[in-house]
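Dear colleague,

I am handing over the structure we spoke about, together with some notes on what was found in it. Please open it alongside this message and follow the notes in whatever order suits you.

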Amino acid sequence: MALDGIRMPDGCYADGTWELKMHVTDLNKDVSLRVTGEIHIGGVMLKLVEKLDVKKDWSDHALWWEKKKTWLLKTHWTLDKYGIQADARLLFTPQHKLLRLQLPNMKHMKVKVNFSDRVFKAVSDICKTFRSIYSSPGLYSKTMTPTYDSRDGSPLSPTSAWFGDSPLSEGNPSILAVSQPISSPDILVKLYKPPSLLDKAKINQGWLDSSRSLMEQDVKENEVLLLRFKYHSFFDLNPKYDAIRVNQLYEQAKWAILLEEIECTEEEMMMFAALQYHINKLSIMSSDNHMNNSEKEVDEVDAALSDLEITLEGGKTSNALGDITSIPELADYVKVFKPKKLTLKGPKQYWCTFKDITISCYKSREEAHGIPAHQMNLRGCEVTPDVNISGQKFNIKLLIPVADGMNEIWLRCDTERQYAQWMAACRLASKGKTMADSSYNLEVQNILSFLKMQHMNPDPQIIEPITTDINPECLVSPRYLKKYKNKQISARILEAHQNVAQMSLIEAKMRFIQAWQSLPEFGITHFLAKFQGSKREELIGITYNRLIRIDASTRDAIKTWRFSNMKQWNVNWEIKMVTVEFADEPSLSFICAEVDCKVVHEFIGGYIFLSTRAKDQNESLDEEMFYKLTSGWV
């Protein structure tokens, strides 16, 4: 024992022990322990607590290795097995720490979160804390460089989302406080500068890695994080049971519209404003009479279900087509044309038949049994609406895959019903489905409903008088506040309100979400990328079912690749290159620019993971499968 205090040149003591330096965050105190490499982590923490001699519950504490950014959670492992030597500095710190989450209504909520759990697990626990059944994990996003107007310097978060107006903190010890909104909605909208596609791509750098913990990604206690739905694939959304989740999605959709994160036409904007105005009115009435109307609200939900007969992205299946023995077809006169920039010819009327996933165009109805003048296979195509209700314009833009890119063809319909039928058929055909699919009739009805809500009521006698409770600054985006006077906007909102005035609260929110999903740019997450063979940076978009190469200036799709045709995808972590192989077309390779390729990899894997879920499965998430598809190996 005489050698105990003798220190060798390498810093170790003669008896083989060495000093392990630790910092206790709760006490802001540095402590050193004499240890050997054979002591296990549990033993280190026990010796530390004994040396501190402070009466306190240390059960939530764990050791964090700063240099390696690693939690030492395997308490049976020894210091040697972890590779910890005398030059290491460890933190003894609580695993649960406070975060400030920015909610979609611009409120901030303080929540205790486990900083040692993987982000996927941490967010799942938050979902349970908020008593929310989730379709896809709403994942953290770091606050990126704020977007702001040069007139004011006030920073605004680029996007936010998640929880609605429910008093979710009642009786829940995990939620510590709810702050007031950082600013009134009208000021936020006035100051906000709409993001370009390039801005969106840069914002998406901020998504946190789901397979690593918050601490590993340098998230600090009390840091403000945005919480929102990351994947736009809403599994089994049922308004009868998912009122909270419907409200969360409504809030995310509302701010996406108001802050012009997604493009919509003027008629669509007024429709969204009318729905929002209606929802605000019903919300106030509901909060004033909540106790008295509880039974009525249940009836309203049932009525909404009967009326809508929908669930979004994986809901009820219709039996209307149960007796079909042959695939339905469409046949009608439709105007077909290419964009004017490519030809001087205007729209030409053809007798068109839509069979399976193919449109055949004939010069006349009588020639329909012969060889078509044109024929288009719509599998994998991009389908975009171009509609103006007041101008009676019902166009369908098709970008059809060809060997060297996309062939642009337009269809012009004469009536709303014809448009709804052909648009629904085109959308299904783009996914490789026919009109025999059970969702066809439902899709037609949803399109007709979407168009109906955009109608302006021509009878001024039944329009409500303009009242002071309409605040256009909270209902439309800045573009229209600059274009029209408030009185003009209010009049148009009230006119559009006649189409939704009879809806219940839950139905109006579902309709809002449906309309959001119907917008051409819905659900596309953009990233900057450099494609193989190209020297300049371009945009790649990822959706629930495909990858899209996008022209940043025109916002048009240059080429699309469907996940259904994918064989596999790989990542070269050293050069940040993602390679995707397909069954019957050349592979796709691109290098991620200004973003970790892990983020892109996780979006692809996450959507593949969500596509494997089925309604007959239980509601528990298969975490291991999610990590297998999204984690990758660095």
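To begin with one detail, how many residues lie between S15 and S16 in their hairpin, and which residue in the turn has a positive phi? There are four residues between these two strands, and the residue in question is Gln 392, whose phi is about 55 degrees. Please keep in mind throughout that this is a predicted model.

**The strands around S16**

Strand S15, which covers residues 382-388, runs antiparallel to S16 and is joined to it by seven bridges, and within this pairing Glu 382 has Leu 399 of S16 as its bridge partner. On leaving S16, the chain passes through two residues in a further hairpin and enters S17. S16 and S17 (residues 405-413) are again paired in the antiparallel sense, here over nine bridges, and Asn 407 in S17 is the bridge partner of Ile 400. As for S16 itself, which spans residues 393-402, seven of its 10 residues are buried, so the strand is largely enclosed by the rest of the structure.

**The strands around S23**

A similar description can be given for S23, residues 577-582, where five of the six residues are buried and the strand is therefore largely enclosed by the rest of the structure. Its partner S22, made up of residues 566-572, runs antiparallel to it with six bridges between the two, one pair of bridge partners being Asn 572 and Met 577 of S23. The hairpin formed by S22 and S23 has four residues between the strands, and Lys 576 in its turn has a positive phi of about 60 degrees. S23 also pairs with S24 (residues 588-592) in the antiparallel sense, over four bridges, with Val 580 facing its bridge partner Leu 588 in S24. The hairpin that joins S23 to S24 does so through five residues.

**The open sheet and its helix**

Towards the start of your reading of the sheets, you may wish to look at an open sheet of five strands, which are ordered S2-S1-S5-S3-S4 and whose pairing is mixed. Its edge strands are S2 (29-35) and S4 (70-72), each of which pairs on one side only. On average, and with direction ignored, neighbouring strands of this sheet are turned by 35 degrees against each other. Helix H1, residues 41-52, packs on the sheet and touches S1 (18-24), S2, S3, S4 and S5 (89-94), while its direction makes about 125 degrees with that of S2. Within the sheet, S3 (residues 61-65) pairs with S4 in the antiparallel sense over three bridges, and Leu 63 stands opposite Leu 72 in S4.

**Two single residues**

Is Gln 95 buried or exposed? This residue sits in the loop between S5 and S6 (96-102), and its relative accessible area is 15%; because the cut-off for a buried residue is under 20%, Gln 95 counts as buried. Its side chain makes a polar contact of 2.7 Å with the side chain of Ser 116. When its neighbours within four places in sequence are left aside, the residues in contact with Gln 95 include Asp 60, His 61, Trp 71, Val 113 and Phe 115.

Glu 366, by contrast, is exposed, with a relative accessible area of 65%, and its place is in the loop between S13 (358-362) and S14 (374-377). From C-alpha to C-alpha, Glu 366 and Trp 351 are 8.9 Å apart in space, and they are 15 residues apart in sequence.

**The nonpolar cores**

The largest nonpolar core has 44 residues, and those that touch the most other members are Ile 257, Leu 275, Val 476, Ile 493 and Trp 516. At least two residues of this core are supplied by each of the helices H6 (243-258), H7 (266-288), H11 (478-483), H12 (486-497) and H13 (505-518), and the largest share, 10 residues, comes from H7. Why can this core be placed between two domains? Residues are given to it both by domain 2 (101-248) and by domain 3 (263-287 + 470-518), so it lies between them. A second, separate core has 37 residues, among them Ile 357, Leu 398, Trp 422 and Ile 447.

With kind regards

Methods: Residues numbered from 1 in each chain as written. Predicted model: local features only at pLDDT ≥ 70, side-chain atom pairs only at ≥ 80, totals over all residues. Heavy atoms only, no water. Pairing = 2+ DSSP bridges. Axes fitted to C-alpha atoms, helices over the stretch in contact; angles between N-to-C directions. Contact = heavy atoms within 4.5 Å. Buried < 20%, exposed > 50% of the residue type's maximum accessible area, 1.4 Å probe, protein only. Core = buried A, V, L, I, M, F, W, Y, C linked by side-chain atoms within 4.5 Å. Domains from an automatic or database assignment. Polar contact = N/O pair within 3.5 Å; in protein donor to acceptor, adjacent residues only side chain to side chain.
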